[in-house]
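Thanks for making the time this morning. I would like to walk you through one model, going from its core outwards to its loops.

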Amino acid sequence: MKRNLSLLPLAAALCAGLAFTMIAAEKAGDKAEHKHEHKGGPTGGRLLETEPHAEFFVEKDKSITVTFYSDDLKPVPFAEQVVTVIAEAKAGKTKVEFEKSGDVLKSKTKLPEGDGYNLVVQVRAKPDAKPQNFRFPLDLKTCDECQRAEYACICEH
Ligand SMILES: [Zn+2]
């Protein structure tokens, strides 16, 4: 019994040490995450890996706005990009086309009702260029961690 008691401080020290190591490891993990974290669109949309970056943003009425940004996220006026979105809703595929509206592109039509279906966003640098395709599910729920819509979430999960 006496021996056990004398071991207690040692056990406590070991526990504290372990906890400290775990916190340190967690911090290191955070750093690594930030390094790999993908950038989010400045207005809360999904930033696509195009040149310049295109931000895909779903408005409240389910129309879509596409804004272009430089690498350091400064707005770049729309040039001659062509964007097409294919919504693979349960009721069938819908093609959404865009038109120039000031410096940005606005969808001519709205996305189908609901969410949870896949989107394919095609971006052409100019009308005759090969398209870059971005496929992701449309999830309009808000992410608890980054407070962005899930389709534009910038967390690592
Ligand atoms: Zn998130």
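Before I turn to the core, let me fix the term: a nonpolar core here is a set of buried Ala, Val, Leu, Ile, Met, Phe, Trp, Tyr and Cys residues joined through C-beta atoms within 7 Å. A residue is called buried if 20 or more other C-beta atoms lie within 10 Å of its own. Please also keep in mind that what you see is a predicted model.

With that in place, the largest nonpolar core has 21 residues, and the members that touch the most other members are A54, F56, I64, V66, V83, V85 and V121. At least two residues of this core come from each of β1, β2, β3, β5, β6 and β8. In soluble globular proteins, nonpolar side chains tend to be buried together. If we take V121 and set aside residues up to four places away in sequence, V121 touches L48, F56, V83, V85 and F134.

Stepping back to the whole chain, the secondary structure comes to one helix and nine strands, and from the N terminus on the order is α-β-β-β-β-β-β-β-β-β. Of the 157 residues in the protein, 20% are buried. Among the contacts with a separation of 6 or more, 42% are between residues 24 or more positions apart.

Now to the strand β9, which covers residues 132-137. How many of its six residues are buried? The count is zero, and β9 is hardly covered. Even so, β9 runs antiparallel to β8, and six bridges join the two strands; one of the partnerships is that of L119 with F136 in β9.

A different case is F68, found in strand β3, which counts as buried because it has 23 C-beta neighbours inside 10 Å. Leaving aside neighbours within four places in sequence, F68 is in contact with P52, H53, A54, V76, F78 and Q81. With F78, ten residues apart along the chain, the C-alpha separation is 6.4 Å.

P52, one of those contacts of F68, deserves a closer look, since the peptide bond from E51 to P52 is cis, with omega near -5°. P52 itself lies in the loop between β1 (46-48) and β2 (53-58).

Two further backbone details concern residues that are not glycine. K62 has a positive phi of about 70° and sits in the loop between β2 and β3; K62 counts as partly exposed because it has 18 C-beta neighbours inside 10 Å. Q147 also has a positive phi, of about 60°, and lies in the segment after β9. Is Q147 buried or exposed? With 9 C-beta neighbours inside 10 Å, Q147 counts as exposed.

In the loop between β3 and β4 we find D71, which counts as exposed because 9 C-beta neighbours lie inside 10 Å. D71 and T50 are 21 residues apart in sequence, and their C-alpha atoms are 9.9 Å apart in space.

Let me close with confidence. The mean pLDDT of the protein is 84, and 76% of its residues reach 70 or more. Over residues 23-36, however, pLDDT stays under 50, and the model has two contacts beyond four places in sequence for that stretch. Where pLDDT is low, the predicted coordinates should not be read in detail.

Conventions: Residues are numbered from 1 along each chain as its sequence is written. This is a predicted model: local features need pLDDT of at least 70, side-chain atom pairs count only at pLDDT 80 or more; totals for chains, interfaces and linings use all residues. Helices (H or I, at least four residues) and strands (E, at least two) are DSSP runs, numbered from the N terminus. A residue is buried if 20 or more other C-beta atoms lie within 10 Å of its own, exposed if 12 or fewer, and partly exposed in between; C-beta atoms are placed from the backbone. Two residues are in contact if their C-beta atoms, placed from the backbone, lie within 7 Å. Two strands pair if DSSP finds at least two bridges between them. pLDDT is the predictor's confidence in each residue, from 0 to 100.
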